[in-house]
Amino acid sequence: MTEQTVTEQTRTGRTLVAGVGNVFLRDDAFGVEVIRLLGERKDPSGVQIKDFGIRGVHLVYDLLDGCDLFVLVDAAARGDAPGTVTVLEVEPQAPPADAGAPVIDAHSMTPDGIFALLASLGGRPGRSLLVACEPADVSAGMGLSEPVEAALPHAVRAVQEILQEHRTNKVEGGASNADQADQSGRGSSAARDGD
C-alpha cells in the first residue's frame, strides 16, 4: 500500500468518537461512561459516537475504513492527579521494520496499543486525539472512583468542543488545533503532547 493510497483512504468525511475500557475494572470504564453520556449515535454529518468496550481490535479494523477525525476516550495513567482530564494530539507512527508485530491482547488494549496496531496495519486517520482521564482505581469491581466520576462532565465537554471545532473548521476550510479541556475543575487547560 502506498502512502498516497493511505492518505486517500483517510479522507472520508467521517468522524469517529470511540470509548474503550473494561466496565469490570472500576476506572477503566471511563471511556465507556463518557460515550454513554454523549449517547451513541451516527448522525448525517458523519459523526459516529460508539462504545467499543474491550473490543480494541474491532476498533482498529473499523478505523481501517478511514476517518478525518478520530477521538479516542479512555482511562490512561500518565502520573497526574486522579480524575485529571487531558486532551492529547496523537501522531500514529509506523513501528520500525525490525520491531515485529505489536503484542495484541484483545481484552486490554491500551491507547498506545490501539495506535500501534493501527499503524502496523497501514491505517492512518486524518487527525487523532486522545481524551484521557487519570484513573484512581483499576482493580476488579464496578463503578468509577469519586474523582473519575467527577471528571465525566469535563470529558464530555472536551469531546463536544473538539467536535464543534472540527465542524467549524470544515465549514471554514481551515486547519484545526487541539481543544483544551478542563482539568476536573482544577484548571482551564489540558496538557497537550505530540506523542
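Helix α5 (residues 146-172) has 27 residues and spans 40 Å from its first C-alpha to its last, close to the 39 Å expected at 1.5 Å a residue. The model is predicted. α5 also supplies 9 residues to the largest nonpolar core, the largest share of that core. A second core, of 21 residues, lies apart from it.

**Helix α5**
- Within α5 there is a bend of about 35 degrees at L152.
- A proline, P153, follows L152 within four residues.

**The largest nonpolar core**
- This core has 27 residues, and V17, F30 and V131 are those with the most contacts inside it.
- At least two of its residues come from each of α2 (30-38), β3 (47-53), β4, β5, β6 and α5.
- In general, nonpolar side chains in soluble globular proteins tend to be buried together.
- Leaving aside residues up to four places away in sequence, V17 touches I35, L38, Q48, I49, K50, V71, V73, V159 and L163.

**The other core and A76**
- Among the 21 residues of the separate core are F52, A76, M109 and A132.
- A76 sits in the loop between β4 and β5.
- A76 counts as buried because its relative accessible area is 14%, under the 20% cut-off.
- With residues up to four places away in sequence not counted, the contacts of A76 are A132, C133, E134 and P135.
- A76 and P111 are separated by 35 residues in sequence, while their C-alpha atoms are 7.7 Å apart in space.

**Helix α4**
- The buried residues in α4 (residues 111-120) are P111, I114, F115, L117, L118 and A119.
- The cover over the buried residues of α4 includes the helix α3 (56-63) and the strands β1 (15-20), β4 (69-75), β5 (85-90) and β6 (128-133).
- P111, buried in α4, is the residue whose C-alpha lies 7.7 Å from that of A76.
- After α4 comes G122, which has a positive phi, near 90 degrees.

**Cysteines**
- C67 has 0% relative accessibility and therefore counts as buried.
- C133, which is in contact with A76, is likewise buried because its relative accessibility is 1%.
- The whole structure was searched for disulfides, and 0 were found.

Notes
Residues numbered from 1 in each chain as written. Predicted model: local features only at pLDDT ≥ 70, side-chain atom pairs only at ≥ 80, totals over all residues. Heavy atoms only, no water. Disulfide = S-S within 2.5 Å. Buried < 20%, exposed > 50% of the residue type's maximum accessible area, 1.4 Å probe, protein only. Contact = heavy atoms within 4.5 Å. Expected span 1.5 Å × (residues − 1). Bend = angle between axes of the 7 residues up to and from the residue. Core = buried A, V, L, I, M, F, W, Y, C linked by side-chain atoms within 4.5 Å.
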